[in-house]
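Visitor: Please pick a single part of this model and take me through it closely. I would like the pairings first, then whatever packs against them, with the cut-offs behind each term.

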Amino acid sequence: MYSHFLDNDAVQNRNWKVLVYMGVVCLAILILVIRLFFLQYMHYDENFQRSESNRLRKTVLTAERGYIYDRNGNILVRNRPSYQIALQSMSLPRKKDERMVVFNRLLQIRDQDGERLFDSLSLDTAFQRARWIKAHPIRLLEDASEAQVAIIEEHSSELPGIVTLIESRRDYPYGTLASHVLGYTSEISEEQLKKPEYEEYAQGDRIGQKGLEQGYDQEFRGKNGLKLVEVNASGKEVGTVRGVESEAPIPGYHLVSTLDLKLQKVAEEAIPDSAKGALVAIDPRNGEILAMVSSPRLDPNIFSLKKRERNKGWAQVALDSMRPLTNRAISGTYTPASVFKLVTAGAGLEYGVLSVSKYYAKSCTGGYQYGARYQKCWGTHGNLNVVHALRLSCDVFFYQAGLDIDMARINEFAERFGLGTRPLGIDIPGEKGGWLPDSVSFNNKNKRLGWRWARGLILNLSIGQGQLVTPLQQATLIGSLATNKGVYRPHLMKELRDSQGNVVRRYEPELIRPGKMKPETHRVLLAAMDSVVNHPGGTGKRGAIPGIRVGAKTGSGEWKKGAKTHAWFAAVAPLEDPQIAVAVIMEAAGGGGAVSGPIARKVMMAYFGIEDEQKK
Amino acid sequence: MSSGRFLDKSLKFDFVFVVVTFLLMATGVMLVYSTSMASEVEFYNTFWFKQIIYFVGGTILALALIFVKLDWLKSAAIPLYVASLVMLVIVLFFAGDVVKGAGRWIDLGVIKIQPSEFAKIAYLLTISYWLSRHPVSFFNIKSFVVPFGLFIVPFALVLKQPDLSTALVFIAVTLVGFFFAGLSIMDMFLIVSPVLSVLFSHNNSFIFQLLWGILICCVVFVLFRRRLPKFLTVFFLLANILTGYASTMAWNMLEPHQQKRVNTFLDPMSDPLGDGYQVLQSLTAIGSGGLAGKGLGNGSQTNLSFLPEEHTDFIFSVLGEQFGFLGCSFVLGLFILFLWRASSTCKLYSDPFITLLTMGACTIFLFHIVVNVAMTVGLMPVTGLPLPFLSYGGSFALTCMVLVGLLLNMRYQGRRFSV
């Protein structure tokens, strides 16, 4: 084992290396000492100044969230100040018994009714946490009333470390009005924080949920500022740090929506909160949504309340079997019912299967025999051409027309005008697409059930029983059928403005479907829509408005045997120059013309500024 | 050499070394105490009291280590090394307790073990043992194979945790091991030169470009002098030039936000509201201490909790604020004395294992000291390396005391042979 030991030369070499090593050690330490000398001697004054009289603190300056206006400049969503009573551990007394004095004083504070402001349990938790959390204040009382703030301010000299902070909270002055369109804000959830698209958000940030609040959250947020402030021993700000620029917050953009407050109000009043239903009013020339209602509604203000009340309100809406959280106007899918006959007729005319002079051999005698099946009609209408059949909404005519035209051509025509599985791409989240079954998609969807496509299914589909559409699609459909100028992407944002009121972004109308048909087809469909309303025998005559040429189509969607039908009414006016298209659905309410017709009429009257004579 | 009774005793037990160690420990406890003076926790729950417990335990362990035979240490090296690898694998794949995003602990219920600390010592023993029997040389490139293999496994496992700073400790120990196992100063220069190349070529200013040019010239000169095997000559030359250019190119390929991230890591002060916040507070604390400091317990930065991690990673700024330049210099002086006494242990004996183990232990201390202090004074990136004897923390205190134990052990157990 001695062979491993070093000989004399090697020992000398080793010792020399140790010397070199110690040289490196001394050099490294010397550099550190020089740096210390530089910091502690040459720059002593400024460092001492900074630490002694001024202590540094990092504060986040929250950017003001943008407002939402209607198209005429009325405020739909704004911010309100909200007072938080909080514990600033930096300025609490250091000694334990002095802290207990503050604690007991807080416990004794009562409001006018003699109720304690704070309960001892949550106060104790806050004081426990204050020993560790020193960077930011700890909330004691959320969303305090002005009276409560006044009481605290009165005693402020006896309560070191207790501060009143002002936050801004969302305020929806019209309550439930357009609640599904506007959405609400809430604190960002743990799951959302983990996703990469929310990288810029921090714990405790309020984030838009649903509706415009979510769709344009990035724009509303603005950018939070940061400030390094110097605070003196009692925690009061005395200034900013020299040489370190603070970042000012950039307020979020204001959004001018396409909604019309007047129209929205009329629509909201026309649909009672006890009923399930939806209404969409859209400008078919550019896709601007003028009013959108989904019933039952929720009050977004509950999300700005105190935690306890917030949770109570949330539980109420989340557990309601009427599903008030769903925006039925964009995510409710219904069978289009007889409104779809416009599409069947349009496809027939477009492909030359139907024409004004075409009469079918079998006239409507209350039903139609197809193979072994006898399909009923809702009335007995006799022999009809396409315009009459639309006016009376005769099923027998469309059974035969549908078999002649074939489903593929009908669906192609429907997709031109916005129906189908592809959503229209409205700028708020949650939109669903519909469904247009043909032999392929039907077999695919029902593979597990073992159902196969059969030609007999065309009978039901040609009168609109079996497809799925959203109310938004229905409004888009009737609007674009009337204009024949293409389908524009429906949207709720008209323009974004910065805090000075300059327009930052404007929503340019965007063509998403061709929405074109032959002029002859267009002429016949317009005539048919016209006669539905303005002919004395039309199914939609309750939608008529004096002085305005309204076109419409009614629908009664069957959804459950024995139950009342879903009442559809899709209208557009004026027919010579369409400006507004309205689709109304009332779930399980009965016939379309009788129930939903008057609702659509009220909205259109409000749009044209015509007073209702019957009311007077 | 004479072997009188008195001399023999001083050979066997280094009194100065022990006193310096205790002084450092006492300073550490005092500083930890000063950071937690205001808290109202019962005294047996305070950081300073726990720190005393750790040190007492560590001292007992170190004293016990003195009586372990040197041959036992040698034969224990490989088993300890294997055990540490197993623990590293366990912590990586099975038992990772996630503390601040990095699973570094094995929780045994009663105590928590930090395998990377254990691995530092096990690796030091193993590499010293191997290199003491198999010197390395550039003229026999195969001699690097086994040491490199021994190094890369624990290094990769620690890096995977991810614990970059501890992984760097492994590099430092290995390089110093090579130095004392055969490589000359010029060889060391060649090994380190590519890193310098990256540093110099990163900056586009004239001075740095000039420095880089000088460096390349030096490398060429050294290569001429050493007459290394051909492929090594080409390797070092290419390594220097390529790393220089490649790093610049790689830098330009990074996205701007990635560049910013690297920049704030290298220079925290470029982001004073984010990563630079800690360093800014630390500099203010140290700088406000002045020449003589504010006195024990009077550090406003410290006591108002402006400093994050004040009792662990940033303990040196606590020292700087309360005891000023004099206090800092005194402690750094103690560290030099400590390292000098420690390294001189190996000069007494001709056993290469003792040399390597001693210098390796010194390197572990030195690396922690320099990286930690440079971080607190804003010269180096913020990493999580604690300061030996001063920072609060059980695992690391134990590591330090085991190393001290090993140093004492070698002095006591080493045998001299006339040559």
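Guide: Two strands count as paired if DSSP finds at least two bridges between them. Helices (H or I, at least four residues) and strands (E, at least two) are DSSP runs, numbered from the N terminus. This is a predicted model, in which local features need pLDDT of at least 70 and side-chain atom pairs count only at pLDDT 80 or more, while totals for chains, interfaces and linings use all residues. Residues are numbered from 1 along each chain as its sequence is written, and chains are lettered from A and ligands numbered from 1 in the order in which they are written.

The part chosen is a sheet in chain A. Its 5 strands are arranged in the order E12-E11-E21-E20-E19, and the sheet is open, with antiparallel pairing. At the edges lie E12 (288-295) and E19 (551-557) of chain A, each of which pairs on one side only. On average, and ignoring direction, neighbouring strands are turned by 5° against each other; axes here are lines fitted to C-alpha atoms, for helices over the stretch in contact, and angles run from 0 to 180 degrees between N-to-C directions.

Starting from the E19 edge, E19(A) pairs with E20 (residues 566-573) of chain A over 7 bridges in the antiparallel sense. Within this pairing, A:Lys553 has A:Ala570 in E20(A) as its bridge partner. E20(A) is also joined to E21(A) by 7 bridges, again running antiparallel, and A:Ala573 stands opposite A:Ile580 in E21(A). E20(A) and E21(A) form a hairpin, with 6 residues between them. On to E11: 6 bridges join E11(A) to E21(A), and the two run antiparallel. There A:Val280 stands opposite A:Ala583 in E21(A).

E21(A) is mostly covered, with 7 of its 7 residues buried; a residue is buried if 20 or more other C-beta atoms lie within 10 Å of its own, exposed if 12 or fewer, and partly exposed in between, with C-beta atoms placed from the backbone. In a regular strand the side chains alternate between the two faces of the sheet. In E21(A), A:Ile580, A:Val582, A:Val584 and A:Met586 point one way, while A:Ala581, A:Ala583 and A:Ile585 point the other way, and all are buried.

Two helices belong to this picture. H21 (residues 592-608) of chain A packs on the sheet and touches E11, E12, E19, E20 and E21 (580-586) of chain A. The direction of H21(A) makes about 35° with that of E20(A). H10 (residues 261-270) of chain A lies across E11 (277-283) and E12 of chain A, running at about 25° to E12(A).

Just before H10 comes a residue that leads back to the E12 edge. A:Thr258 sits in the loop between E10 (254-257) and H10 of chain A. It counts as buried because it has 24 C-beta neighbours inside 10 Å. Leaving out residues up to four places away in sequence, A:Thr258 touches A:Arg71, A:Glu288, A:Ile289, A:Leu290, A:His491, A:Leu492 and A:Lys494; contact requires the C-beta atoms, placed from the backbone, to lie within 7 Å. A:Asn72 is 186 residues away from A:Thr258 in sequence, but the C-alpha atoms of the two are 8.8 Å apart in space.

Notes:
Two residues are in contact if their C-beta atoms, placed from the backbone, lie within 7 Å.
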